[in-house]
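The following exercises ask you to read helix packing and enclosed space from a structure, one step at a time. Try each task before turning to its solution.

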Amino acid sequence: MIELNDVTLTFPDGERTVTAVDHASLTVPPGSITAIIGASGSGKSSLLAVASALIQPDSGAVHVAGVDLMGLSPAEATAVRREHIGIVFQQSNLLPALTALDQLAVMNELDGHSRAARAETRERARALLARVGLAGHENKRPHQLSGGQRQRVNIARALMNDPRVLIVDEPTSALDHARGQEIITLILELTRDRGTSTLLVTHDRSHLARMDQVLVMSDGVLTAHDPHAAIAA
Amino acid sequence: MFVAWREIRFARGRFVLIGSVVALITILVGFLTGLTAGLAGQNVSAVMGLGADRIVFSAPAHGESDPSFGDSSITPEQASTWSDAAGVNTAEPLGISQTRLSAGERRSPAALFGVSSAGTHTLLPEGVPGPHSGEIVLGTSVAKTLGVSTGATVGAFGLDLRVSAVIDDAWYAHSSVAWLTLPDWQEAMARGGQPAWATVLAVSLTDAAQPDAIDAAAHTASRAPLPALLSIESFRSEIGSLLLIVGMLFGISALVIGAFFTVWTIQRAPDIAVLKALGARTGRLVRDTLGQALVVLLAGVGVGMLATIGLGLLAGSAVPFVLSPATIALPALGLIILGLIGGAFALRPVLRSDPLAALGAPR
């Protein structure tokens, strides 16, 4: 579950203060997907940053996977991300030196594991890559994968810690329409299968009809829209 | 080390490059350290081998603060004052001068060490029979240059001396030492127009001795063996410059390695931001980064050490070069420690990298 209640986030911009998120509230239940649309600079990414424990708002209440994020130390916020949140980045942000399998295993490996745990991690990574349609591509590095394949690795990596919350930032922006549809379908399936609360930012309105909830962000203000109405808008 | 190893394998060329730079610096530092030790040995090994607790010089000339082997001249009275003082076991006079020995048409520079014929020759290297009157003990290099062996005759200041033994070289101010009796040394000096009784005293003390008080009474200046080495003019002038160069090389190596890893880590900043956004602990990333630096350092220093040993073995016959754990392992260890300190400066981007950057959100 993601719950944001009356959240406001500001940041300094020269001598003035910009309100990136203005008294925003939303709830994303488990197994559902909420899309946020809005123009560039409207505050979508800032809202995602709040929901993914990357930044603390000035005011309001934020609960993610049952954890109150307000007042957490940076180390505590890092632990929440590690344990409860999966992030799918806009650009796949894969590490160039790592194979697809390593991209998924890296978080567990950085923590240092026993041989048995390492084998389990790699087995799990293999299964996830197969789940996103990348069986046989485990040992390829990012430059050996297509844009769509890289995004699938990006999604699989976000699921590696079996998160209760999935934060997805414009996953189709670098893909053609067909590949974009495939990725959205995959995210929907995973959300339903795993019961994650998925918060997705997108520019592509063609996906909105498939969402459980659509919110529009404008100048930091969040307003609810019927998915079908949002398509027409 | 999970990411570190994979990055090393992925960016092999880049890491081979920095490893090569580290190896070259190691060769430079190792070779210079070996050379410094070799040159130092050629200056001081004979004095170090005296086994004395203190070296006693005549008091420095007015206006000079430090004694020197070149200017020191000990009188029999000063020697008696030291011998008779409480806490002094032995005070052996030692005459030191530099000359050219001759054998037929051949000439060779040598340092003459005149030792008391009445003494037990404790100043000579262990196991070497002391010379009797009219005899001289040569180092191998002088004997080789002169083409002489035991039983031959060599000349010094017009004195004919029979070679009583040829031993491993001991060095003083870049000259191989030739040992003769103190009376013969005194006669040689007199013939050379520089009469002297002895240059210094090599004294052995008990804990009860009060060297400063004896110095005051005898009008002498005594020094412990190591500080006394600085009274060898050639050693003092060489060692300072060489140690300065070695020190600067250590500093340069830390800067070079630090600069490399800083640039490398700055390039990795986006990846670090992603890992942090995914929940990587900063401590783990620091360990990974430092581990990567350590691997490169160990590889570079290891290759450099092997090359230095090879070059040292080759150069050892042509130049004074000491190949020992102290001249190879210690500089290598120093380079690794300094390299890690340099690499630690590269941690700033790791510590400061903002996970928010991975999401592209404004702050």
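**Exercise 1.** Establish how many cavities of 30 Å³ or more the structure holds, and work out which residues line the largest cavity.

*Solution.* The model is a predicted one, and the structure holds one cavity of 30 Å³ or more. The volume of the largest cavity is about 30 Å³. Its lining is made up of T26(B), G30(B), M305(B), T308(B), T327(B), I328(B), P331(B) and A332(B). To place these residues, turn to the helices: helix 2 (12–48), helix 10 (282–315) and helix 11 (325–345) of chain B each contribute at least two residues to the lining of the largest cavity, and helix 11 of chain B gives the most, with four residues. Sorted by class, the lining of the largest cavity has four nonpolar, four polar and no charged residues.

**Exercise 2.** Describe how helix 8 of chain B packs against helix 10 of chain B, giving the angle and the distance between their axes.

*Solution.* Begin with the geometry: helix 8 (residues 233–267) of chain B and helix 10 of chain B pack at an angle of about 135°, and their axes are 12 Å apart. The angle therefore makes helix 8 of chain B oblique to helix 10 of chain B. The next step is the handedness, and here helix 8 of chain B passes helix 10 of chain B in a right-handed crossing. Finally, look at the side of each helix that takes part: I257(B), F261(B), W264(B) and T265(B) in helix 8 of chain B meet T289(B), Q292(B), A293(B), V296(B) and L297(B) in helix 10 of chain B. The residues of this contact are six nonpolar, three polar and no charged.

**Exercise 3.** Decide whether helix 3 of chain A and helix 5 of chain A are roughly parallel or oblique to each other, and then treat the packing of helix 4 of chain A with helix 5 of chain A in the same way.

*Solution.* For the first pair, helix 3 (residues 100–110) of chain A and helix 5 (residues 147–159) of chain A pack at an angle of about 25°, with their axes 9 Å apart. An angle under 35 degrees counts as roughly parallel, and helix 3 of chain A and helix 5 of chain A are therefore roughly parallel to each other. Their crossing is right-handed. The contact is made by A100(A), Q103(A) and L104(A) of helix 3 of chain A together with V153(A), A156(A) and R157(A) of helix 5 of chain A, and these residues divide into four nonpolar, one polar and one charged.

For the second pair, helix 4 (residues 115–131) of chain A and helix 5 of chain A pack at an angle of about 135°, with their axes 9 Å apart, which makes helix 4 of chain A oblique to helix 5 of chain A. This crossing is right-handed. R124(A), L128(A) and L129(A) in helix 4 of chain A meet V153(A), A156(A) and L159(A) in helix 5 of chain A, a contact with five nonpolar, no polar and one charged residues.

**Exercise 4.** Characterise the largest pocket by the space that lies in it and by the residues that line it.

*Solution.* The largest pocket holds about 420 Å³ of space. Of the 24 residues that line the largest pocket, P74(A), A75(A), A77(A), T78(A) and R81(A) lie nearest its centre. Helix 2 (residues 74–84) of chain A provides the largest share of this lining, seven residues. By class, the lining of the largest pocket divides into 13 nonpolar, five polar and six charged residues.

Key: Residues numbered from 1 in each chain as written. Chains lettered and ligands numbered in written order. Predicted model: local features only at pLDDT ≥ 70, side-chain atom pairs only at ≥ 80, totals over all residues. Heavy atoms only, no water. Axes fitted to C-alpha atoms, helices over the stretch in contact; angles between N-to-C directions. Parallel < 35°, antiparallel > 145°, perpendicular 65-115°, else oblique. Left-handed = near helix turned anticlockwise from the far one by under 90°. Contact = heavy atoms within 4.5 Å. Nonpolar A, V, L, I, M, F, W, Y, C, P; charged D, E, K, R; others polar. 1 Å grid on protein atoms, 1.4 Å probe; cavity = no way out; pocket = protein on both sides within 12 Å on 5 of 7 lines; lining within 4 Å. Points joined across faces, edges and corners; volume = space filled by probe spheres on them.
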